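Open the model in your viewer and keep the sequence panel visible. The stops below say what to select and what is there.

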Amino acid sequence: MNAGLGARILVIDDEPQIRKLLKVTLQAHQYDHYECADGEEGIIQASMVHPDLIVLDLGLPGMSGMDVLHRIREWSQVPIIVLTAKDQEVDKIAALDGGADDYVTKPFGMGELVARIRVALRHVAKTTDEPILRFGSLVIDLALRQVELDGEQVKLTPTEYEMLKVLASNAGKIITQRQLLQQVWGAHHHESDSHYLRVYVGHLRKKLKEDPTRPSYIQTEPGIGYRFLLPAE
Amino acid sequence: MSEHKEEGEDQESLQGISRWKRVPAYIWVTLAIILLTVLLHIIGMSDDLVNVALVYLFPILISAVYWGMGPAIYAATLSVVMFDFFFVPPYLSFTVEDLRYFISFAVYLAVAIMTASLAGRLRQQLDRVKSREATTNALYDLSRQITAITDLDNLLDNMTSQISLMLGSPAAIYLPDQQGELKLGVKQKSVSEFGTDKSAWGSRSSELAIADWVYKQGQIAGKGTPKLGESTGLYVPLRTENHIHGVLAVHMTTNEPEKQQEQRQLLEACGSLAAGAIARVKLAEEARLAQVTAESERIRTALLDSVSHELRTPLTAIIGSATGLMENDTLFTPEDRRELTGNIRDGALRMNRLVTNLLGMVRLESGMLQLNRKWCDVGDMISVVLAKVREFSPHREVTVQLPEDPVFFDGDEVLLEQVLVNIVSNAIKYSSNESMVVIRVENDASQSCVTFIVDDKGVGIEEPERTRVFDKFYRSPSTQHITGTGLGLAICKGIVEVHGGTIQAEGNPDGGTRIRIELPVGEDERPFSYTALGEGGD
């Protein structure tokens, strides 16, 4: 898992303590580290440094993290991981639907943040669409639209297959309920259709022989969406 | 109340007799005396002067008793004239000799005056007794009614309507507001005055000004009193021993001084009753407030104790471990370092839990908690709960028993997950490391509710404490040695109740504690069927 080693990471956070923590950790993981303390400087830095990834605090003073996110997204597709305070599912969803690639809730463990950074960098690095996705004993053949588990073929309905495809090709990344609905059902869906998702995810998990109390593939992010788990590294 | 009204009317009619029957009374007296004279002549008693003179006393007595002083004196005069003119010789004339009959006249007059005044006094006494009885009854009735009332608005309303009914005129009570400014509290119009200009009485500034004066001076004022006698209302301060609570005002309809006096007395009695009642209600309110204050004081102390302890302990661990690592860099083996950094992490995680709980409590208490209701998959929820529980106690075994079919219900999954995490981590905390924790979900379609049961085989909760454990900051004395804030279950209760559900602690039949949470499923449990969407094929 050396994807993105040496990549440039820009940290936009107003708290010196958090910046120091990230600096030490990121440098220890041999990332190229840049930092700034407010949103406006962050936008300038983002255009000057051309980072490979941005870690953005949503609770910035002055220009809010959400504004910074929107401004950067106007001209750049650089992966952005947002840091948020707890108990604000609405903010997380807004950030994710507004173009953030992932989120980490404060307080967070460094292992969690580094894992998210790796996943985000790897998705950028992956340029060619691999026709076959492998996750342990689960194999998804995107060309043939076939799914195999432990060497046996799994029969999925078209919708179930589409869902699995969306989740698995974004493995490790969070997909919000809205993104999932949009990518599977297209434009014809309502916010209230999240009930469909639950039912489909339930069926999909059953077909992937998951222990409902300890899912190994599709993890629920309460109130936000789903994350296809990468096999333990 | 109707009784008193009737009595009031009786009283009215008794007093009325002397007034409006007075003129006809003179005619009746005249007729009676003429009739008597004619009768005496017919039966031929003209010679028996003594008896004739005595017989003439009858009309005098009768008129004195029934019609009072005026008609009695008139009867005496007429009788003496008749007697002298028709019975004393020379008949049909007055002579100088007849002057001796002035003695008869004097006797007649004395009888008339004395009888009339005696009868009058008796009648007055009777009137007074009757009106006093009516007043007493009315006051008794009022006091009986208002003692049962504990709420001030209701009390004032009731009181003014009673007083207004009693006196047949509009009544109002003025009370001081928070700043001590007198304001119109309640006003009651008497039924007959709706829509007339009198209905505005009580709310005008002039009435308020008088009421204010009365309130500040503590003296009665208005019609029938030396102060501000020209105004139309009577204003009585509502006074208890050392405090004036407000002003009772009544629009006076009568102009008679006697009646005014009487109404004033009644009003004063009502006023002291009202003052007593208001004081009582206020005292009860103050007592209740004092109790609330004491309770919040207790909670504040508990909060300080619990929070300072719960914050300081992990902080001590964090600061101690961190400074140790920094200052004695060379002393520690790699294992020691790992242990110390682990210590820092655990302390921080513990503080994080405390802060989360405190914030949760504040959100619940301030009513800022907004439910983000969605269809929740119970199995999904429990998987999230277990993942969180594993974070801080990875080695404990938690068994899950779910119904065959997936269970869906309407609720805020994030908050309910917090509830379950709290309950399960309590179950782990208060039981031995080897024992099992069981989460069971039951879906009773007939009662349209989902039941979560969390069983542990730990210390258990004593029967009398089973409701108290859900109180804020309450910690069972038997578990004082285990750290905690006493917030977790209170938050759970708050969240479950916002969902319209119930949470209770029971005894686990196998020993330990059982927490049972029942949540309503919400309408329309299955909005669609999976197979109907053409997804059934497998």
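**Stop 1: a sheet in chain A**

Select A:Val139 and look across to β8(A): the bridge partner there is A:Glu148. This is a predicted model, so read every position as computed.

Now widen the selection to residues 138-141 and 146-149 of chain A. These are strands β7 and β8, which pair in the antiparallel sense over four bridges. Add the neighbouring strands and an open sheet of four appears, with the order β6-β7-β8-β9 in chain A and antiparallel pairing. Which strands are at the edges? They are β6 (132-135) and β9 (152-153) of chain A, each pairing on one side only.

Next, select residues 158-169 of chain A. This is helix α6, which packs on the sheet and touches β6, β7 and β8 of chain A. Set the view along β7(A) to compare directions: the helix direction makes about 105 degrees with that of the strand.

**Stop 2: chain B as a whole**

Colour chain B by secondary structure. Chain B has 13 helices and 12 strands. Of its 538 residues, 42% count as buried. Among contacts in chain B with a separation of 6 or more, 63% come from residues 24 or more positions apart.

**Stop 3: a covered strand in chain B**

Select residues 171-176 of chain B, strand β1. Is this strand mostly covered or mostly open? It is mostly covered, with five of its six residues buried. Then add residues 243-251 of chain B: this is strand β5, which runs antiparallel to β1(B) and is joined to it by four bridges. To see one facing pair, show B:Ile173, which stands opposite B:Leu248 in β5(B). While side chains are on display, recall that in a regular strand they alternate between the two faces of the sheet.

**Stop 4: where the chains meet**

Show both chains and select the residues in contact between them: 26 from chain B and 25 from chain A. The area buried between the two chains is about 2500 Å², and carbon and sulfur atoms give 55% of that.

How many salt bridges are there between chain B and chain A? The count is two. For one of them, select A:Arg205 and B:Asp380, whose closest N and O atoms are 2.7 Å apart. Five residue pairs are in polar contact across this interface.

Finish on the side of chain B that touches chain A. There α10 (334-365), β6 (374-377), α11 (378-392) and α12 (413-429) of chain B each supply at least two residues. Select α11(B) last: it gives the most to this side, with seven residues.

Methods:
Residues are numbered from 1 along each chain as its sequence is written. Chains are lettered from A and ligands numbered from 1 in the order in which they are written. This is a predicted model: local features need pLDDT of at least 70, side-chain atom pairs count only at pLDDT 80 or more; totals for chains, interfaces and linings use all residues. Side-chain values use heavy atoms; hydrogens and water are left out. Two strands pair if DSSP finds at least two bridges between them. Contact means heavy atoms within 4.5 Å. Axes are lines fitted to C-alpha atoms, for helices over the stretch in contact, and angles run from 0 to 180 degrees between N-to-C directions. Buried means under 20% relative accessible area, exposed over 50%, partly exposed in between (1.4 Å probe, protein chains only). Buried area is the accessible area (1.4 Å probe) that two parts lose on being put together, summed over both. A salt bridge is a side-chain nitrogen of Lys or Arg within 4 Å of a carboxyl oxygen of Asp or Glu. A polar contact is a pair of N or O atoms within 3.5 Å; within protein, one must be able to donate a hydrogen and the other to accept it, and residues adjacent in sequence count only if both atoms are side-chain atoms.
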